[in-house]
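Let's take a quick tour of this protein, one topic at a time. Have the sequence and the 3D view open as you read.

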Amino acid sequence: MKFVNEAEALSRFDGDTEIYLELIDTFLESTIADFGAMRQELEDGNVKQVAFRAHKLKGASLTLGAEDLASIASTIETTLRARYPEETATGHKTADTQLDSIARHVDALETVYGQTIAELETIRKTLRTPQ
């Protein structure tokens with residue numbers, strides 16, 4: 001299964017592999033996906049921060065062509081914003097302890113993230129290999 005649509009991502013940059021490689025490097029070196037923090041924030045009821053982390057990961061993933069990763073991140077973000085509109089807008093913590101479905105999405109996000117990272121590393125190596 002492919003986790004990165006490289007052709008789609010490259011089309012966003014008019015086929016400029018150097019820009020794409022720079023973005024891959026930035027993504028691979030970033031701490032954008034801190035799943036431990038997301039789980040702790042869920043446990044603490046800090047749904048605003050979890051939605052924000054999911055939003056950032058969604059945007060970065062879409063840029064790189066990691067559509068499955070972006071889809072799961074989007075599900076987390078939209079579910080939290082729909083279920084907890086006041087808390088995600090104000091930052092007030094929710095007292096709701098029924099965040100299990102979101103936690104399962106975070107688990108899925110982490111799994112797909114690992115597979116996406118592996119694929120991005122392969123793409124990076126391939127693009128840097130002289131033809």
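To talk about handedness, we need one term: a crossing is called left-handed if the near helix is turned anticlockwise from the far one by less than a right angle, and right-handed if it is turned clockwise. Keep that in mind for the helix pair below. One thing to know up front is that this is a predicted model.

**The overall picture**

- The protein chain has 7 helices and 0 strands, so its elements read α-α-α-α-α-α-α when you start from the N terminus.
- Picture a box of roughly 55 × 25 × 25 Å along the principal axes: the C-alpha atoms of the protein chain fill it.
- The protein chain has 131 residues, and 40% of them count as buried.
- About 7,100 Å² of the protein chain is exposed, and carbon and sulfur atoms supply 50% of that area.
- Take the contacts in the protein chain with a separation of 6 or more: residues 24 or more positions apart account for 72% of them.

**Two helices that pack: α2 and α4**

- Helix α2 covers residues 17-29 and helix α4 covers residues 47-64.
- These two helices pack at an angle of about 145°, and their axes are 10 Å apart.
- Here's where the term from the start comes in: the crossing of α2 and α4 is left-handed.
- Which residues meet there? On the α2 side they are Tyr20, Leu23, Ile24 and Phe27, and on the α4 side they are Leu57, Ala60, Thr63 and Leu64.
- Sort the residues of this contact by type and you get 7 nonpolar, 1 polar and no charged.

**Aromatic rings**

- How many aromatic pairs are there? The count comes to 3 aromatic pairs.
- One of them is Phe27 with Tyr113, a tilted pair at 6.0 Å centre to centre with 55° between the planes.
- That pair links distant parts of the chain, since Phe27 sits in helix α2 and Tyr113 in helix α7 (residues 100-128), 86 residues apart.
- Are these two residues buried or exposed? Phe27 is buried because its relative accessible area is 4%, under the 20% cut-off, and Tyr113 is buried too, with 14%.
- Tyr113 also pairs with Phe35, this time edge-to-face, at 5.3 Å centre to centre and 70° between the planes.
- Phe35 lies in helix α3 (residues 35-44) and Tyr113 in helix α7, so this pair ties together parts that are 78 residues apart in sequence.
- Phe35 is buried, just as Tyr113 is.
- Put the ring pairs together and Phe27, Phe35 and Tyr113 form a cluster.

**An unusual backbone angle at Asp14**

- Most residues other than glycine have a negative phi.
- Asp14 is not a glycine, yet its phi is positive, at about 50°.
- Where is Asp14? Look in the loop between α1 (6-12) and α2.
- Asp14 counts as exposed because its relative accessible area is 75%, over the 50% cut-off.

**A stop at Ala103**

- Ala103 lies in helix α7.
- With a relative accessible area of 27%, Ala103 is partly exposed, because that value falls between the cut-offs of 20% and 50%.
- Ala103 and Gly65 are 38 residues apart in sequence, and in space they are 24 Å apart, going from C-alpha to C-alpha.

Notes: Residues are numbered from 1 along each chain as its sequence is written. This is a predicted model: local features need pLDDT of at least 70, side-chain atom pairs count only at pLDDT 80 or more; totals for chains, interfaces and linings use all residues. Side-chain values use heavy atoms; hydrogens and water are left out. Axes are lines fitted to C-alpha atoms, for helices over the stretch in contact, and angles run from 0 to 180 degrees between N-to-C directions. Helices (H or I, at least four residues) and strands (E, at least two) are DSSP runs, numbered from the N terminus. Contact means heavy atoms within 4.5 Å. Ala, Val, Leu, Ile, Met, Phe, Trp, Tyr, Cys and Pro count as nonpolar, Asp, Glu, Lys and Arg as charged, and the others, Gly among them, as polar. Rings of Phe, Tyr and Trp (its six-membered ring) pair if their centres lie within 6.5 Å; planes under 30 degrees apart count as stacked, over 60 as edge-to-face and the rest as tilted. Buried means under 20% relative accessible area, exposed over 50%, partly exposed in between (1.4 Å probe, protein chains only). Accessible areas come from the Shrake-Rupley method with a 1.4 Å probe; for residues, only the protein chains shown count as cover.
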